[in-house]
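Dear colleague,

I am handing over the structure we spoke about, and below it I have set out what was found when the atoms were gone through. Please read the notes with the structure open beside them.

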Amino acid sequence: MPSVLHDGRVPETVVQELERYVHFDAGDGEALRALHAAARPRLDAVVEVFYERILRHDEARAALAGGESRVGHLKVTLRGWLDSLLTGPWDEAYWTQRWRIGRVHVRIGLPQHYMFGAMSVIRAELEAATRDALAPPEADRARRALAKILDLELAVMLHTYRDDLLAQQARVERLSTFGQLVASIGHDLRNPLGVIETSLFILRGRISGDERAARHLDRISEQLGIANGIVSNLLDMIRNRPLVRESVPLGGVVEGAAEAVRRPSGVSISLDGVDALPAVSGDPGQLRQVFLNLIENAVHAASPSGEVRVRGRRDGHVVELDVEDTGPGVDPATRARLFEPLVTTKEKGIGLGLALVKRIAERHGGGVAYAPADGGGARFTVRLPIDPPAAG
């Protein structure tokens, strides 16, 4: 079966092959539309049954990224999915949207067996609605068409899982090679950097009064700090540095990171809703690194003149923070690998910042995602679980 195109569209040949396999045709489309017209009042009940079943399972509920607090929104989304399932048109745009839904399932970590279970619930409930809403032979035609379209839906979702599994395996292999390389050179680089630092200290004591030489030593010291930072980030990518967990007031962490970022006079940084964020359980030093990296990237993208906006909000049992800039955004070819090591959009970057952000966020039970900002630019959204209240 052909691969999905890089721009996110499902190749037409895939859909054609699937449709030929199940013999889905215009007559099936007519049968589905007739079913929709007759069974439309039952669709809300189908949605209720679906989520009642989902919420019985802890792992599936956790994958909803917010649990029951998000179910109201997700019910509306599922109802729209059912309407389009039964009304079409079942064209390339339709299947591209279905492929994107499958990618969401992969991204939020919904186990594949829950996807099968979910489709089974949908199938059973729609078949029951067909029996209640239509009489033979219309009901028989609708059931056959329903079986075909649901098989097609499941096949496209499985195709998505397959593509993502292959991509994940390739990612693991690249990271393994990356880790071996870092382990072999990271510690070796510490020795010459240590020698440079010691020599720098000695030289400072011997050039008192020479302002020109002092400026050059300051430049050496600055670049030495950058080099040490790169080595530290490389090593952090391959080792599981233990989290020093405590209750972290996230607003103070974000504000401190924003104040620490150097920026041109033409770039402004605004914070909205950050001071009202609840505490999270985590390592304050590592969480500060997350927002320091994201805000530094945003300032770089918005330079020499632009705006960086940091917005915080609570969403059920998690907090969300958007770091948004007015820069050029990220090109589609880079987005798919944006959080991998050694992938960067900066001319002089080495591609560790976002990979480290992702690693730290996931180790805290959260995640980070990219989306184009409204009106252009980039938006990175960090999600972190809220610190549970102390028992007492």
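**Cores, sheet and local features**

In this structure, the largest nonpolar core comprises 41 residues, and L82, L85, I122 and I149 are those with the most contacts inside it. Please keep in mind throughout that this is a predicted model. At least two residues of that core are supplied by each of α1 (12-22), α2 (26-39), α3 (43-54), α5 (71-87), α6 (92-107), α7 (112-133) and α8 (138-204), and the largest share, 10 residues, comes from α8. If you would like a single residue from which to look around this core, I122 may serve: once its neighbours within four places in sequence are left aside, I122 is in contact with V46, F50, L78, W81, L82 and L150. Another core, of 39 residues, lies apart from the one just described, and V267, L338, F339 and V357 are among its members.

For the protein as a whole, there are 13 helices and 7 strands, and buried residues make up 41% of the 392 residues. Of the contacts with a separation of 6 or more, 75% are between residues 24 or more positions apart.

**The sheet and the helix on it**

Five strands form an open sheet with mixed pairing, in the order β2-β4-β5-β7-β6. Its edge strands are β2 (267-272) and β6, each of which pairs on one side only, and neighbouring strands are turned against each other by 15 degrees on average when direction is ignored. Strand β5 (residues 318-325) runs antiparallel to β7 and is joined to it by 7 bridges; within this pairing, L321 stands opposite V382 in β7. Helix α11 packs on the sheet, where it touches β2, β4 (306-315), β5 and β7, and its direction makes about 25 degrees with that of β5.

On its other side, β7 (residues 378-385) is joined by 6 bridges to β6 (residues 367-372), and these two strands likewise run antiparallel. P372 has A378, in β7, as its bridge partner. The hairpin made by β6 and β7 has 5 residues between the strands, and in it G375 takes a positive phi near 85 degrees.

As for α11 itself, the helix covers residues 284-302, which is 19 residues, and reaches 27 Å from its first C-alpha to its last, close to the 27 Å expected at 1.5 Å a residue. The N-terminal end of α11 is capped by D283, a side-chain oxygen of which lies 3.0 Å from the backbone nitrogen of G285. The buried residues of the helix are Q286, L287, V290, F291, L292, N293, L294, I295, A298, V299 and A302, a list in which Q286 and N293 appear alongside residues such as L287 and F291.

**Places to check in the backbone**

Two cis peptide bonds may deserve your attention when you inspect the loops. One joins G88 and P89, with omega about -5 degrees, and P89 has its place in the loop between α5 and α6. Another joins P136 and P137, again with omega about -5 degrees, and P137 lies in the loop between α7 and α8.

H23, which is found in the loop between α1 and α2, has a phi near 60 degrees, a positive value in a residue other than glycine. H23 counts as exposed because its relative accessible area is 58%, and the cut-off for that class is over 50%.

**A lysine on α5**

Finally, I would point you to K75, which has its place in helix α5. Is K75 buried, exposed or partly exposed? Its relative accessibility is 23%, so K75 counts as partly exposed, given that buried means under 20% and exposed over 50%. Setting aside its neighbours within four places in sequence, K75 is in contact with V47, E48 and Y51, and with the side chain of E48 the side chain of K75 makes a polar contact (2.9 Å). K75 and F50 are 25 residues apart in sequence, while their C-alpha atoms are 9.0 Å apart in space; F50 is also one of the residues in contact with I122.

With best regards

Definitions and conventions:
Residues numbered from 1 in each chain as written. Predicted model: local features only at pLDDT ≥ 70, side-chain atom pairs only at ≥ 80, totals over all residues. Heavy atoms only, no water. Core = buried A, V, L, I, M, F, W, Y, C linked by side-chain atoms within 4.5 Å. Buried < 20%, exposed > 50% of the residue type's maximum accessible area, 1.4 Å probe, protein only. Helix = DSSP H or I, 4+ residues; strand = E, 2+ residues; numbered from the N terminus. Contact = heavy atoms within 4.5 Å. Expected span 1.5 Å × (residues − 1). Polar contact = N/O pair within 3.5 Å; in protein donor to acceptor, adjacent residues only side chain to side chain. Pairing = 2+ DSSP bridges. Axes fitted to C-alpha atoms, helices over the stretch in contact; angles between N-to-C directions.
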